Amino acid sequence: MNSIWTESIKMPHFDKLEGEVKTDVLIIGGGITGLLCAYFLQERGVDYLLAEGRTICSGVTKNTTGKITAQHGLIYADLLEKAGSEKTRMYLDANQEAVEKYFALCKNIDCDFEEKTNYVYSLNSKSKLEREAKALGKIGYDALLKDPTELPFSTVGAVGFAHQAQFHPLKFLAHIAEGLNIYEHTFVTELSENTALTERARITYQRLIFATHFPIDNKHGLYFLKMYQDRSYVIALENAPLVKDMYINEDKRGMSFRSYKDLLLVGGGSHRTGKQGGKWQELRTYAGKYYPRAKERYYWAAQDCMPLDDVPYIGLYSKKMPQCYVASGYHKWGMSSAMTAAMILTDKIVGKENPYEEVFCPSRSILKPQLFSNAAESAVNLLAPTTKRCPHLGCALKWNEAEHSWDCPCHGSRFDEDGGLIDNPANGDLA
């Protein structure tokens, strides 16, 4: 179960950290967010160190679909209603600036970068598309309205963003990582004020960036209540008609599409981690119906942190941790969100005001309907009688037959058959 990205690139490797070291900024996590933070800090001459527990891009980053877009589903009509026009436009501008940054960086990187239009389509609700287009018009963005013709089924239309992109994420990050101050197999086991401990090292730092996908400190910030994790699935098909642009269904249960070379990537089957869902079987059934001559070449799964209000948490970890920063809750839009996070956090590190940071402030109100759903899910699984418990906060684990893993429905930690940690926020293997 390897993604197409891991099969076509050899990532650089780095030494394990040993001994006592001091750094101005410690970055924990070597996925796309951590690497971009390190890259921008190095550009600005800031002393930093990146500690990755396994190898860079070995977690969630390797399983993305590689779409770069500021169009995050039909989010803007809802944002306009809840947050107002100013913050909605700021959210759009922040993500479009992230897209533009990829355009600038990828000019000199061989990473299969291609400019595309991204479309959100609907099978049965033209009114949703019209509402989104109207909201975008109110904040001054001229979205495209189109009836897609290259999908294998009929739709009622689509809303499009021009000048978006797709790429090979690991080819891009292999280049970005060259020459950075990275240590692999350097798993942070304990944190105290200004000190991080690993198996063989003691790191003294002034400021800390948590780039760990799901935040690993439970004492502050309430991230275990503010987020849950969601799994989604991808298959790569050959002998299937390719699509010129990128597509995703406005319905969370629908399918997404993009092409990579001679392969069509189809995504979907999503569900809350630890719960039942369509998984790959849903995609394979779908492919058998619409692409009967296609052959599956690759299949993989992704995991995403879902915030309370669809907006990522980027900024100060909590008011009680004034020198610590977080980037999480990307809501399935990791490419643009990671770049946005890296630009905001590195600005904060060097003392530069970023115009978008208030939109993503992690300490904003948590009184959202999803909060109560998250709390209820945790309560049910904390009380469930089973011997397999997650070491994160003690929730009952569920067996995932499709992926042969133990999954936590509370916060999304995952473990292999032998109890080895696959995905955080758990910070170690099963006992």
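Me: Which sense do β11 and β14 pair in, and over how many bridges?
Reply: In this predicted model, strand β11 (residues 228–238) pairs with β14 in the antiparallel sense, over seven bridges. Within β14, the residue standing opposite Y233 is G268.

Me: And what joins β13 to β14?
Reply: Five bridges, with strand β13 (residues 256–260) running antiparallel to β14. One pair to look at is S259, whose bridge partner in β14 is L264.

Me: How many residues sit between the strands in that hairpin of β13 and β14?
Reply: Two residues. K261 in this hairpin takes a positive phi near 55°.

Me: Is β14 mostly covered or exposed?
Reply: Mostly covered: strand β14 spans residues 263–272, and nine of its ten residues are buried.

Me: Switching to cysteines. How many disulfides does the structure hold?
Reply: One. C395 and C410 form it, with their sulfur atoms 2.2 Å apart. The pair links distant parts of the chain, 15 residues apart. C395 is in the loop between α10 (369–383) and β18 (398–400), while C410 is in the loop between β19 (405–407) and β20 (414–416).

Me: What's the handedness, and why?
Reply: The torsion about the S-S bond of C395 and C410 is about -100°, so the disulfide is left-handed.

Me: Are those two buried or exposed?
Reply: Both C395 and C410 are buried.

Me: Why no bond for C305?
Reply: Because its closest cysteine sulfur, in C408, is 12 Å away, which is too far for a bond. C305 counts as buried, at 2% relative accessibility.

Me: And why none for C361?
Reply: The reason is again distance: the closest cysteine sulfur to that of C361 belongs to C324 and is 15 Å off, too far for a bond. C361 is partly exposed, with a relative accessible area of 27%.

Me: OK, salt bridges. How many in the whole structure?
Reply: A search finds 24.

Me: What does K275 bind to in that set, and how far apart are the closest N and O atoms?
Reply: K275 forms a salt bridge with E377, and the closest N and O atoms are 2.9 Å apart. This pair links distant parts of the chain, 102 residues apart, with K275 in the loop between β14 and α8 (279–290) and E377 in helix α10. K275 counts as partly exposed at 35% relative accessibility, whereas E377 counts as buried at 13%.

Me: Which residue does D217 form a salt bridge with?
Reply: K219, with the closest N and O atoms 3.2 Å apart. D217 is buried, its relative accessible area being 10%, but K219 is exposed at 63%.

Me: What about K348?
Reply: K348 forms a salt bridge with E357, at 3.0 Å between the closest N and O atoms. K348 counts as partly exposed, at 23% relative accessibility, and E357 is partly exposed as well, with a relative accessible area of 24%.

Me: Which residues are linked in a network of salt bridges?
Reply: R231, E403, D407, R414 and D423. R231 falls in the residue range of β11 (228–238).

Me: Last one. Where does E178 lie?
Reply: In the loop between α6 (169–177) and β7 (182–183). E178 counts as exposed, at 54% relative accessibility. Its C-alpha atom is separated by 40 Å from that of Q370, and the two residues are 192 apart along the chain.

Key: Residues are numbered from 1 along each chain as its sequence is written. This is a predicted model: local features need pLDDT of at least 70, side-chain atom pairs count only at pLDDT 80 or more; totals for chains, interfaces and linings use all residues. Side-chain values use heavy atoms; hydrogens and water are left out. A disulfide is a pair of cysteine sulfur atoms within 2.5 Å. Helices (H or I, at least four residues) and strands (E, at least two) are DSSP runs, numbered from the N terminus. Buried means under 20% relative accessible area, exposed over 50%, partly exposed in between (1.4 Å probe, protein chains only). Two strands pair if DSSP finds at least two bridges between them. A salt bridge is a side-chain nitrogen of Lys or Arg within 4 Å of a carboxyl oxygen of Asp or Glu.
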